Amino acid sequence: MKTFTLGGVHPEENKFASQQSVEEFPIPKTATVFIHQNLGAPPVCQVNKGDTVKVGTMLAKAESFICANVHSPVSGKVIQVDDIADSSHFKKKAVVIEAEGDEWEETIDRSPEIVKEIKLNKQEIIQRIKDCGVVGLGGACFPTHVKYMLPEGKTAEYLLINAAECEPYITVDHRIMLEKAEECLVGMNALMIASGAKKAKIGIENNKKDAIKHLTEVAKQYPDIEVVALHVKYPQGAEKQLIKSLINREVPDGKLPIEVGAIVNNITTCFAVYEAVQKNKPLIETYLTVTGKKVEHPRNFKVRIGTPVMDILNTVGIPENTGKLIAGGPMMGKAVSNMNCFAVKGLTSLLLMDEKESKRGEVEPCLRCGKCNYGCPQGLEPYLLSALSINNRFEECEANGVLNCCECGSCSFTCPANRPLLDYIRLAKNKVMASKRK
């Protein structure tokens, strides 16, 4: 099995929902759709209060380079266009739609038949991905079409697919591989055409043996697509680490994967690309796991964006003594401070932690044990970056490589003194990037 060589940790896996098939969550009575659901610039709202929309109607149009369209997840009437609080209590522009039935735009192919033949050329595929608002579903929500608009002089040798799902608890990628393997491979084929890559590799951690076996069998129809078993180590799915594991190349500091001839996408993104390219279906749904050690029946759902999170949680049941709700996984996810929030494109998990599990340990002085250094997959010195950040020495943070941090949380996970290393490193990154923007 292949893996990356520098750093990495082994959190408890807790893949409780790995054997639970994806269930389609009911259409919300009212959908609250945030306009800005991508990394980069926000799109421009295209609807007003009182407008009637169908499923797939464009709500916001991308008018910047790094930007993504947003479409209506329900059919009905726009009852509000206003600033509404998200999961972090920050107010962001959103469109509120009162659902009336489930009427779809006529241009969307809703047939269950799998369409294997790709009729679009390279530029048409990229344009279709852009039109359908597809973003990276591994968590970053980077507009997918931008990755395939290659800089002059750059070529893609490999398309690398992140199916590692190394983050504890989350199991939706695992289920997508088992339930939508054929569609994912057609989506990969479309991305190979878009990139010009001659080879594709799918990296799957070895704790998903059934997915490795199934995808290997399906991939026999696609001689240029290879399934690769990876050692179980976090953060195996991080971009630079996946590239090291699959093709043994190292992305230089501050550079993108295309510098070493690679483009990286998530496996569920491939499924979204299939639906966009072959069915002309916009990204109006997200696949997420609802889980936790005290959740009686962890489940995987396909949820329309804009669905109230409380509706999802109430369906599964909120355990007593729940102390924290995390959007995403425990390593890189963010704590939800506003329970009255809504599903967005990049929501991969709702993790419920009890009071005891959610409380941080008492912070103690740094022991100089070096565990954070050994755990860092980027080869940084987290204890040093944290100390510099605490003392507002942000220029020195930059000099010591703070912008290379992938925010995986391995340093905080390994620290025996319970120091919030990543919190201070994130602060330093934000300060340095803000200074650069000025």
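Buried means under 20% relative accessible area, exposed means over 50%, and partly exposed is in between. The exercises below apply these words to a predicted model.

**Exercise 1. Decide for Asn418, Asn248 and Asn392 whether each is buried, partly exposed or exposed, and say where each lies.**

Solution. Step one is to take Asn418, which has a relative accessible area of 34% and is therefore partly exposed, because that value falls between the two cut-offs. Its place in the chain is the loop between helix H13 (410–414) and helix H14 (421–437).

Step two is to take Asn248, whose relative accessible area is 54%, so that Asn248 is exposed. This residue belongs to the loop between H6 and strand S12 (262–266).

Step three is to take Asn392, which counts as exposed because its relative accessibility is 55%. Asn392 is placed in the loop between helix H11 (382–390) and helix H12 (394–399), and its C-alpha atom is separated by 32 Å from that of Gly323, a residue 69 places away along the chain.

**Exercise 2. Describe the backbone at Asn248, at Asn418 and at the bond from Tyr234 to Pro235.**

Solution. Begin with the phi angles: phi is near 55° at Asn248, a positive value in a residue other than glycine, and phi is near 60° at Asn418, again a positive value in a residue other than glycine.

Then turn to the peptide bond that leads from Tyr234 to Pro235, which is cis, with omega near 0°. Pro235 itself sits in the loop between S11 and helix H6 (239–247).

**Exercise 3. Work out which residues and elements build the largest nonpolar core, and which element gives the largest share.**

Solution. As background, nonpolar side chains in soluble globular proteins tend to be buried together.

First, look at the members: the largest nonpolar core has 52 residues, and those that touch the most other members are Leu159, Leu185, Met188, Ile202, Ile204 and Ile225. Next, look at the elements that give two or more residues to this core, among them helix H1 (122–131), strand S9 (158–162), helix H4 (181–195), strand S10 (199–205) and helix H5 (209–218). The largest share, nine residues, comes from H4.

Finally, follow one member outwards. Once its neighbours within four places in sequence are left aside, Ile202 is in contact with residues including Ile161, Leu185, Met188, Leu215 and Ile225.

**Exercise 4. Compare Leu215, Val74 and Ala140: which are buried and which exposed, and what surrounds the buried ones?**

Solution. Start with Leu215, which is in helix H5 and counts as buried because its relative accessibility is 1%. If residues up to four places away in sequence are not counted, Leu215 touches Met177, Ala181, Ile202, Ile204 and Val227. Of these partners, Ala181 is 34 residues from Leu215 in sequence, while the C-alpha atoms of the two are 6.2 Å apart in space.

Continue with Val74, which is found in the loop between strand S6 (70–71) and strand S7 (76–85). Val74 counts as buried, because its relative accessibility is 0%. Its contacts, apart from neighbours within four places in sequence, include Ile27, Pro28, Val53, Val55, Ile97 and Arg304. By contrast with these contacts, the C-alpha atom of Lys371, 297 residues away along the chain, is separated from that of Val74 by 49 Å.

End with Ala140, which lies in the loop between H1 and helix H2 (144–147) and is exposed, because its relative accessible area is 55%. Ala140 and Ser386 are 246 residues apart in sequence, and their C-alpha atoms are 24 Å apart in space.

**Exercise 5. Describe the whole chain: how does its radius of gyration agree with that of a compact globule, and what do its contacts, surface and charges add?**

Solution. First, count the elements: the protein chain has 14 helices and 17 strands. Second, consider the overall dimensions, for a compact globule of 438 residues would have a radius of gyration near 22 Å, and the 21 Å of this chain agrees with that. Along its principal axes the C-alpha trace spans about 65 × 50 × 50 Å.

Third, consider the inside and the surface. Of the 438 residues, 54% count as buried, and the chain exposes about 19,800 Å², of which carbon and sulfur atoms supply 49%.

Fourth, among contacts between residues at least 6 apart in sequence, 73% join residues at least 24 apart. Last come the charges, with 55 positive and 53 negative side chains, the centres of the two sets lying 4 Å apart.

Conventions. Residues numbered from 1 in each chain as written. Predicted model: local features only at pLDDT ≥ 70, side-chain atom pairs only at ≥ 80, totals over all residues. Heavy atoms only, no water. Helix = DSSP H or I, 4+ residues; strand = E, 2+ residues; numbered from the N terminus. Rg over C-alpha atoms; globule rule 2.2 N^0.38 Å. Buried < 20%, exposed > 50% of the residue type's maximum accessible area, 1.4 Å probe, protein only. Contact = heavy atoms within 4.5 Å. Areas by Shrake-Rupley, 256 points an atom, 1.4 Å probe, with all protein chains shown as cover. Lys, Arg positive; Asp, Glu negative; His and termini not counted. Charge placed at Lys NZ, Arg CZ, Asp CG, Glu CD. Core = buried A, V, L, I, M, F, W, Y, C linked by side-chain atoms within 4.5 Å.
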